[in-house]
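The following exercises introduce a single protein chain. Each task is followed by a solution that proceeds step by step.

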Amino acid sequence: MKIYDITVAMSEELPVYPGDPRVRIEPVSRLARGDAANVSSITMSTHSGTHLDPPRHYNDHGIPVDRIPLSLLIGQALLVDIAGINAITSAELCRFPIRGEVRLLLKTANSLLWSNPAFSADYSCLTPDGARFLVETGVKLVGIDYLSVERHDGDGEVHRILLDNGVVILEGLNLDGVAAGSYELVCLPLKIRDGDGAPARAVLISR
């Protein structure tokens, strides 16, 4: 058994989506200055780093993150390597054996962007056409290796196509060094009551 940690480390150097607050980790108490223990405070967006987008993200009446079934977040996932494609359309996706898969992870060239603390606007993402294809094929969770599944100047159409049809989105993965194939996904987002999103720890297990 091999376990791949596909979560990006939360730090103040982590790039954030434009308009979101930067991650701040500040000391509250420190042993080095005579305090009883090391304690820090964290300030960040619910969509920082590796995180889950539930339907509530784009719909006030959508299911929040704390009500997403764990059975959806744990189980077999297909990872496809689609590096070199910037706009991921249905024509690109239909080359892979996606039909019948519940969980799909898209490995692109995005994973190489994490070394840059500045937000990179030129990342690979799904098109509306690609999102509709995933809905039609029955995918219920789609993951991608940067801060958004949609182009940075998009109007939310890709998110709404997926989320309104019950497809949750796992963004901010780091799939560098993970080969295409079938894995067991374990993704546990913070249980934020009525949350529009939540940072998550995600791993892939190869048996």
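**Exercise 1. Determine whether the radius of gyration of the chain agrees with that of a compact globule.**

Solution. The model under study is predicted. Step one is the expectation: for 207 residues, a compact globule would have a radius of gyration near 17 Å. Step two is the comparison: the chain has 17 Å, which agrees with that value. As a further description of its extent, the C-alpha trace spans about 60 × 40 × 35 Å along the principal axes.

**Exercise 2. Describe the chain as a whole: its helices and strands, its buried share, its contacts, its surface and its charges.**

Solution. Begin with secondary structure: four helices and twelve strands are present in the chain. Next, consider burial, for which 47% of the 207 residues qualify. Then turn to contacts between residues at least 6 apart in sequence: 72% of them join residues at least 24 apart. The accessible surface comes to about 9,900 Å², and carbon and sulfur atoms account for 51% of that area. Finally, count the charged side chains: 19 are positive and 26 are negative, and the centres of the two sets lie 6 Å apart.

**Exercise 3. Characterise the surroundings of E171: is this residue buried or exposed, and which side chains form polar contacts with it?**

Solution. First, locate the residue: E171 belongs to strand β10, which covers residues 168-171. Second, apply the cut-off: buried means under 20% relative accessible area. E171 has 2% and is therefore buried. Third, examine its contacts beyond four places in sequence, which include G49, T50, D53, I144 and V149. G49 lies 122 residues away along the chain, yet the C-alpha atoms of E171 and G49 are separated by 7.8 Å. Fourth, identify the polar contacts: the side chain of E171 is joined to that of H51 at 2.8 Å and to that of H159 at 3.1 Å.

**Exercise 4. Classify L185 and P199 by accessibility, and state what each touches.**

Solution. Start with L185, a residue of strand β11. Its relative accessible area is 0%, so L185 is buried. Not counting residues up to four places away in sequence, L185 touches I6, L73, I74, G75, A77, R103, L141, V203 and L204. A C-alpha separation of 30 Å lies between L185 and D153, which are 32 residues apart along the chain.

Continue with P199, which is found in strand β12. A relative accessible area of 9% places P199 among the buried residues. With residues up to four places away again left out, P199 touches several residues, among them M10, M44, H51 and L188. P199 and V16 are 183 residues apart in sequence, and their C-alpha atoms are 13 Å apart in space.

**Exercise 5. Place two loop residues, G84 and D194, and assign each an accessibility class.**

Solution. G84 sits in the loop that connects β5 (74-81) and β6 (87-88). Exposed means over 50% relative accessible area; G84, at 72%, is therefore exposed. The C-alpha atoms of G84 and A202 lie 24 Å apart, with their positions 118 residues apart in sequence counted as separation.

D194 occupies the loop between β11 (181-189) and β12 (198-206). Its relative accessibility is 46%, so D194 counts as partly exposed. One backbone feature completes the description: D194 has a positive phi of about 60°, although this residue is not a glycine.

Note on methods:
Residues are numbered from 1 along each chain as its sequence is written. This is a predicted model: local features need pLDDT of at least 70, side-chain atom pairs count only at pLDDT 80 or more; totals for chains, interfaces and linings use all residues. Side-chain values use heavy atoms; hydrogens and water are left out. Helices (H or I, at least four residues) and strands (E, at least two) are DSSP runs, numbered from the N terminus. The radius of gyration is taken over C-alpha atoms; the globule rule is 2.2 Å times the number of residues to the power 0.38. Buried means under 20% relative accessible area, exposed over 50%, partly exposed in between (1.4 Å probe, protein chains only). Contact means heavy atoms within 4.5 Å. Accessible areas come from the Shrake-Rupley method with a 1.4 Å probe; for residues, only the protein chains shown count as cover. Lys and Arg count as positive and Asp and Glu as negative; His and the chain ends are not counted. The place of a charge is taken as NZ of Lys, CZ of Arg, CG of Asp or CD of Glu. A polar contact is a pair of N or O atoms within 3.5 Å; within protein, one must be able to donate a hydrogen and the other to accept it, and residues adjacent in sequence count only if both atoms are side-chain atoms.
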